Amino acid sequence: MALAAHGPVLAGVLARLAAPACAPLARALWTSGAALQQQSPAPPPQQAPQQRAPPPSSAAVGRLNHVAIAVPDLVAAAARFAGVLGARVSPPQALPEHGVTVVFVELPNTKLELLAPLGTDSPIAGFLRRNPAGGVHHLCLEVGDVAASLAGIGGRVRCLDPRPKIGAHGNPVVFLHPKDCDGVLLELEQVGGAGAAAAQAAQAVVDCLDPSSEAALADAAREAEAERRRQRQRQANPARPAAMAEPGTTLDADIAQSLAQNANIDQIRESERSKPYIGDVEPLAALKAEYANGSQVFVAKIGGLEPAYAGLRRTRGDGNCFFRSFIYGYLEWLLAHQPAREADAQRFAACLSGWKAKLSAAGYDGIVYEDPLDMLLGQVQAILISGTGLDGGITPEQLLSNFRDDTWSNTCVMLLRFITSAEIKRRAEHFEPFVLGQYEMDVATFCERSVDVMGEESDHIHAQALTDAVEVPIRIVQIDSSPYGGADAAAALTVDMRPETLSAEAQAALGPPVVHLLYRPGHYDLLYPKP
């Protein structure tokens, strides 16, 4: 189960954190359970253990893994199952990275997972405030391959986050949106040898943080900075859990802190600020070489991209890399394909023009968006003129120069942030479950703190909202140390964001995504597919 936004965390760190917190609860649980069992009639003879069903095929759902129940008092609930109902219960397991303590109730055909808040930032605390007596939180179904299941689902069922996390059993998990599953939050858990792969992924966290790898240290610097932002947000709103600024990639805070002390993170962050907003195109081999002394999982995943991608263009790691990579990548593609894709440029310009009224309706003052919007529309118009051969067009070199200019580049980013924020707010009912599930705050607060503000990291909520707002599909290729891809642990995870506000026919008419972004822990760069 993945209820907070932490990626693979070292077992040793978890053990050190979990042991002190579990000891008092464990003693209370076993004392209560033993006393109640002595007062209860002897349970009936146990039946012969049932043969566990084989793991499901890669995409199809299999057996029910567990039913998760949020409880206000874990000791009382576990003792009730152990003493009154005669069930076998596990010792409590503290999961600080998820903000919960869990007890598993073993049944002949499945398990119950009892969840209780751990710490003041627990995501379960919000659920219990709405349901003080407790209640069923979610159902967990087994699949053979999470990535294959997501591919099979396509766009028919939404995920709270389409990028799998590592759950309590050490396996990749994803959660499906309750509005698309008859009001039930469904968890898909990959089974069938995934535990060993998860252990390898946990070890890869250490490998990728080898101080001899410049790329690994840069990733750590970005993650440490993101953790500091999350801590500031938690201090501003202590009722909510740790934010999922970049789902699936958050390092344990203790690991990030240790890296900040031992790897000269500040120096690396300063060097990041000296880089251009948009870099030159490089071969993927250059990125792979940077990880040569670090994570071999990263090296393998980057190598796996080489048959499909000719290179990448890096963007500055300043928290705005998603928006900057997207808008430069799309304008560059439009310019390179004029006049053949004139209709795409015209459609994009019309869509941008429509945002004047929408931004005003969302409460933005015209003084903050009118000039930036006119500037971006002027750039699209120059691209259209370039396709005619007339004066007034723009060259690829001029486009790159514009995006390396501080004022021009950041003005575009600011505008896209406002558009993304307005899209989330005007469709608040749609985005609210995602925001509440990840940030435990209302939509308006989320937009104010995590979308409107320059330098705040972006996650899949930002990506989907921007895709919906400007009606441009985006492909995100993720590489990290997680065991995605089933048997092929070295496979990158690919997620296509398509405008959900359009019909299936209209989405198909847009064609495949032309903007491809490479996502590494805490950062986005621009990928270039081979022809």
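Student: Which helices do the buried residues of α12 pack against?

Tutor: Start with the terms: a residue is buried under 20% relative accessible area, exposed over 50% and partly exposed in between, using a 1.4 Å probe and protein chains only. A contact means heavy atoms within 4.5 Å. Helices (H or I, at least four residues) and strands (E, at least two) are DSSP runs, numbered from the N terminus. Here, the buried residues of α12 pack against α11 (321-336), α13 (366-386), α15 (406-426) and α18 (460-470).

Student: And what kind of model am I reading?

Tutor: It's a predicted model, where local features need pLDDT of at least 70 and side-chain atom pairs count only at pLDDT 80 or more, while totals for chains, interfaces and linings use all residues. Residues are numbered from 1 along each chain as its sequence is written, and side-chain values use heavy atoms, with hydrogens and water left out.

Student: Fine. Which residues of α12 are buried?

Tutor: D344, A345, F348, A349, C351, L352, W355 and L359.

Student: How do I check the length of α12, and what span should I expect?

Tutor: The expected span is 1.5 Å times one less than the number of residues. Helix α12 covers residues 342-361, 20 residues, so it should span 28 Å; its end C-alpha atoms are 30 Å apart, which agrees.

Student: Where does α12 bend?

Tutor: A bend at a residue is the angle between two fitted axes, one through the seven residues ending there and one through the seven starting there. In α12 that angle is about 30° at W355. W355 also has a charged partner: K358 lies over the face of its ring, 4.8 Å from the ring centre. The test for a charge over a ring is NZ of Lys or CZ of Arg within 6 Å of the ring centre and within 35 degrees of the ring normal. An Arg case turns up too, with the charged end of R316 over the ring of Y277, 4.1 Å from its centre.

Student: What about phi just after α12?

Tutor: G363 takes a positive phi there, about 100°.

Student: Which residues other than glycine have a positive phi?

Tutor: Two to look at are D182, with phi near 60°, and E471, also near 60°. D182 is in the loop between β8 (172-176) and β9 (186-190), and it counts as exposed because its relative accessible area is 79%. E471 is in the loop between α18 and β12 (474-478); with a relative accessible area of 23%, E471 is partly exposed.

Student: Where is there a cis peptide bond?

Tutor: Between Q338 and P339, with omega about 5°. P339 is in the loop between α11 and α12.

Student: Now rings. How many aromatic pairs does the structure hold?

Tutor: The idea is that rings of Phe, Tyr and Trp (its six-membered ring) pair if their centres lie within 6.5 Å; planes under 30 degrees apart are stacked, over 60 edge-to-face, and the rest tilted. This structure holds ten such pairs. One of them, Y330 with W333, is stacked, at 6.1 Å centre to centre and 15° between the planes. Y330 and W333 are three residues apart in helix α11, so about one helical turn separates them.

Student: Y330 and F348 make a pair as well. What kind is it?

Tutor: Their ring centres are 5.0 Å apart and their planes are at 80°, so the pair is edge-to-face. It links distant parts of the chain, with Y330 in helix α11 and F348 in helix α12, 18 residues apart. Y330 counts as buried because its relative accessibility is 2%, and F348 is buried at 0%.

Student: Which residues form an aromatic cluster?

Tutor: F322, F323, Y519 and Y524 form one.

Student: Let's try a strand residue. What does K111 touch?

Tutor: Leaving out residues up to four places away in sequence, K111 touches N65, H66, V67, F104, V105, E106 and H169. K111 sits in strand β5 (residues 111-117), and at 14% relative accessibility it counts as buried. Its C-alpha atom is 9.6 Å from that of V89, 22 residues apart along the chain.

Student: Zooming out, how many helices and strands are there?

Tutor: The protein has 19 helices and 15 strands. Of its 531 residues, 56% are buried. Among contacts with a separation of 6 or more, 72% involve residues 24 or more positions apart.
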